[in-house]
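Open the model in your viewer and keep the selection tool at hand. The stops below go one by one.

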Amino acid sequence: MIAVTLLLAMILCAAAWLVIHNAQRAVTEEMQASVALAGDLVENSIRSDSEALAAARRLSDIGHLRHLCLSLVARTEPSPTGCTNDETTEAPDWFSALIRPEALPERRLAIAPDYAMVIVADPDDEIAEAWQDTRGLLALLVVFYLATIAVVYRLFGRALVPVRRIDAALARIEHGDYAIRLPRFSLPEFDGIAAQFNHMAAALDAAQRENRRLREHSLRIQEDERRNLARELHDELGQSLTAIRADAAGILARGEKLPPGVAESAEAIVAVAGRIYDQTRLMMRRLRPPGLDELGLDAALENHVASRQRSHREVSLVYTGNDRLADVPTPIAIHVFRLVQEALTNALRHGAPAHIDITVDLETDRLQVDVRDDGRGFDPQAYRPGLGLSGMAERIDLLGGRLQVDSRHHHGTHIHADIPRASAASAKGRISPEIGKISH
Ligand SMILES: Nc1ncnc2c1ncn2[C@@H]1O[C@H](COP(=O)(O)OP(=O)(O)O)[C@@H](O)[C@H]1O
Ligand SMILES: [Mg+2]
């Protein structure tokens, strides 16, 4: 665009220069011709010295003719430098300055022994005439230039519209918005590109949906499996261990009637069964957060934070929830619980903080989760990718929410999740189609 404008400006300048140059040449030629003609006329019309002087006086009294100045001077006197023409020319100064010849043509005729007639060209009239002719041409050039520029800009602008739209659509794709589609374009080449683009976007859209469905499915299977395992551990292993303990305790209750060594073995069985039972309970807690199914998210989180507090007395943990969290359906609650669980584990494992704040709040239209620690922090752009942070992001993405990780070295870490209530309160397992954005 700039190149075209410059090129046109150069053509305009060249044309203007040509016009002015021609005007200048015309003025010079015209003046030379006038001076020569007037000189010849005066010379031929003056025959004798006596009548010459009288005629010259008359001519010189007229003084200024069109294009010429006539003056009678003493022979020894130098020629006057120009006319004393009071009429100002109507050409603008810049134009006069451009085309006024440097040396004005002049002719000096000897009249009688002591006088001379000086004929000097007066450029002002010529310049005024040249201006009359030239200004129309110059104006036409400028109008032509502006009109061409306007047309070129308009055409370029029109031609660039599809390019701009394609560019914007590609940027949207880059940001994960696969729902974008391009309209049809009148130019077949662009229309072809648009069709290909739409095809690609539709394929990406479908792939993303499928990917989301699979992720959702696999997370659900994982959680279901964990829950089944926890139940089996509780129902089968837990019951059996209790029975073993009860039997061993029954043996011990027989007291002295036992053969030697049996009491010790029974004691050992009670102790080992107790340890396995404790281990099993621990595994059950990890597999399925206690209370989540029966008491809801708030109680489950409170339990969890309290239990982590017991094993990390050097850190102060503060949990703030609210009763409304009971409204969050279990399939959603489990994702929120896992997020808090991982964020808390990360803070305790990597951050060495003095204080961790956990806040979960169900507002009218959103569920907000915040886990803030004052530990050593890390650079979210350059962290060693683990499964924890990406797992969190994936869960929140599936809920149609946004996960934000703010952290700086020595300035603690803040994990913030914002989940639309539509998905937080949605029916069992239904995940909002809204695309989640993860910004670190
Ligand atoms: N609260 C935190 N404080 C300090 N560093 C953290 C915190 N959370 C995460 N990180 C850093 O981010 C990395 C990735 O975390 P994550 O994805 O959970 O993987 P993992 O915990 O298995 O290392 C961690 O190794 C750690 O360096
Ligand atoms: Mg982790």
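This is a predicted model. Start by selecting Glu-223, which is buried, with a relative accessible area of 5%. Now add Arg-288: the two side chains form a salt bridge, with the closest N and O atoms 3.8 Å apart. The pair links distant parts of the chain, since Glu-223 is in helix 5 and Arg-288 in the loop between helix 6 (262–287) and helix 7 (292–295), 65 residues apart. Arg-288 is buried as well, at 9% relative accessible area.

Widen the selection to Asp-224, Arg-226, Arg-227, Asp-293, Arg-338 and Arg-395, which are linked with Glu-223 and Arg-288 in a network of salt bridges. The structure holds 18 salt bridges.

Another of them joins Arg-107 to Asp-40, with 2.9 Å between the closest N and O atoms. Arg-107 lies in strand 3 (residues 106–111) and Asp-40 in helix 1 (residues 2–45), so this pair ties together parts 67 residues apart in sequence. Arg-107 is partly exposed at 22% relative accessibility, and Asp-40 is partly exposed at 37%.

Next, select the magnesium ion (ligand 2). Its protein donors are Glu-342 (OE) and Asn-346 (OD1), lying 2.1 Å from the ion. Because Glu-342 and Asn-346 are four residues apart in helix 9 (residues 330–351), about one helical turn separates them. Glu-342 is partly exposed, at 24%, while Asn-346 counts as buried at 17% relative accessibility.

Finish on the surface with Glu-225, Glu-232, Asp-235 and Glu-236, which gather in a patch of negative charge. Glu-236 lies in helix 5 (residues 188–253) and counts as exposed, at 53% relative accessibility.

Technical notes
Residues numbered from 1 in each chain as written. Chains lettered and ligands numbered in written order. Predicted model: local features only at pLDDT ≥ 70, side-chain atom pairs only at ≥ 80, totals over all residues. Heavy atoms only, no water. Patch = residues over 30% accessible without salt bridge, like charges linked within 9 Å, V, L, I, M, F, W, Y side chains within 5 Å. Areas by Shrake-Rupley, 256 points an atom, 1.4 Å probe, with all protein chains shown as cover. Salt bridge = Lys/Arg side-chain N within 4 Å of Asp/Glu carboxyl O. Lys, Arg positive; Asp, Glu negative; His and termini not counted. Charge placed at Lys NZ, Arg CZ, Asp CG, Glu CD. Helix = DSSP H or I, 4+ residues; strand = E, 2+ residues; numbered from the N terminus. Buried < 20%, exposed > 50% of the residue type's maximum accessible area, 1.4 Å probe, protein only. Donors = N, O, S within 2.8 Å, 3.2 Å for Na, K, Ca; no water.
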